[in-house]
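Please take a look at the model below. A short briefing on its helices, cores and selected residues comes after it.

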Amino acid sequence: MTPLAALFAILGALLVGAISPGPSFVFVVRTAVAQSRADGLAAAVGMGVGAALFGALALLGLRTLMTEAAGLYTALKIAGGIYLLYLAYRIWRGAREPVEVVRNGTGTRSNLGRSFGLALATQMSNPKIVAVFGAVFAALLPAERPLWLDLALPALIFVQETGWYALVALAFSSSRPRALYLGAKLWIDRFAGAVIGALGIRLILDAR
């Protein structure tokens, strides 16, 4: 796989993982619904910063493992593949579960800095993103890659994650887009589960 193809493959896989509802998704939804659209957008930026940090850390860790601990790197790929299969099963099984959207009606005062900080903390403590980033990078990053790829990935991950969660904030702060998304949740989750499961199988096969 060429570096450019790897770049698009990684971004696509991470986008699929982000679209599948998890703690980060729920936080942005609740912030946008219960506080304000602006707070939801601030939370989206926090999610983007957290994802970019994870991307940079994953790149540094994998480069070290590739060069200094090949056996541990192989074990990580197998463990990551197994976890992705488990995650795919959980996403598929939970596809019919509704996303709980509660408007608290208390008129919570907008605090963009607080919304950003809480979103960043939520993203950084999300076990799903840790496993997905490590496994996706291990599966799709070329063993020999140019420096520009390592530099571009965190920045593009920030743009992609912030853009996605900004769309979530905008959609869930308006009733009609929210209803359209919730109506398609079953198929969105099943598609996400299938893609993540396929990545898990590829990761295990590549480690052999």
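The points below go from the overall fold to single side chains.

This is a predicted model. The protein has nine helices and zero strands. Of its 208 residues, 46% count as buried. Helix H7 gets most of the attention here.

**Overall fold**
- From the N terminus on, the order of elements reads α-α-α-α-α-α-α-α-α.
- Contacts reach far along the sequence: among those with a separation of 6 or more, 88% join residues 24 or more positions apart.
- The unreviewed UniProt entry lists residues 44–62, 74–92, 112–140, 147–167 and 187–205 under "transmembrane region".

**Helix H1**
- H1 covers residues 3–19, which makes 17 residues.
- From first C-alpha to last, H1 reaches 24 Å, close to the 24 Å expected at 1.5 Å a residue.
- Its buried residues include Ala-6, Leu-7, Ile-10, Leu-11 and Leu-14. Toward the end of the list come Val-16, Gly-17 and Ala-18.

**Helix H7: span and bend**
- H7 runs over residues 147–172 and holds 26 residues.
- Its first and last C-alpha atoms are 38 Å apart, close to the 38 Å expected at 1.5 Å a residue.
- The helix nevertheless bends by about 25° at Leu-153. A proline, Pro-154, follows within four residues of that point.
- One of the spans that UniProt lists as "transmembrane region" is 147–167. In the model this span is 100% helix and 0% strand, with its end C-alpha atoms 31 Å apart.

**Helix H7: three residues**
- Asp-150 is found in H7. Its relative accessible area is 13%, under the 20% cut-off, so Asp-150 counts as buried.
- The side chain of Asp-150 makes a polar contact with the side chain of Arg-145, at 2.6 Å.
- Val-159 is also in H7. Its relative accessibility is 53%, over the 50% cut-off, so Val-159 counts as exposed.
- Val-159 and Gly-48 lie 111 residues apart in sequence, yet their C-alpha atoms are 6.8 Å apart in space.
- Thr-162 lies in H7 too. With 14% relative accessibility, against a cut-off of 20%, Thr-162 is therefore buried.
- A polar atom of the Thr-162 side chain lies 2.8 Å from the backbone oxygen of Phe-158.
- Beyond residues up to four places away in sequence, Thr-162 touches Ala-44, Val-45 and Gly-48.

**Nonpolar cores**
- The largest nonpolar core has 28 residues. Those with the most contacts inside it are Ile-10, Leu-14, Phe-133, Val-136, Phe-137, Leu-153 and Ile-157.
- Elements giving two or more residues to this core are H1, H3 (37–68), H4 (70–93), H6 (127–140), H7 and H9 (185–206).
- H6 supplies the largest share of this core, eight residues.
- Another core, of 18 residues, lies apart from this one; among its members are Phe-27, Ala-119, Ala-166 and Val-168.
- Which residues does Ile-10 contact, leaving aside neighbours within four places in sequence? They are Val-136, Phe-137, Leu-140, Leu-141 and Leu-153.
- Leu-153 thus appears in three places: at the bend of H7, among the core residues with the most contacts, and in contact with Ile-10.

Notes
Residues numbered from 1 in each chain as written. Predicted model: local features only at pLDDT ≥ 70, side-chain atom pairs only at ≥ 80, totals over all residues. Heavy atoms only, no water. Expected span 1.5 Å × (residues − 1). Bend = angle between axes of the 7 residues up to and from the residue. Buried < 20%, exposed > 50% of the residue type's maximum accessible area, 1.4 Å probe, protein only. Polar contact = N/O pair within 3.5 Å; in protein donor to acceptor, adjacent residues only side chain to side chain. Contact = heavy atoms within 4.5 Å. UniProt positions renumbered as here; feature names shortened; annotations may be inferred. Core = buried A, V, L, I, M, F, W, Y, C linked by side-chain atoms within 4.5 Å.
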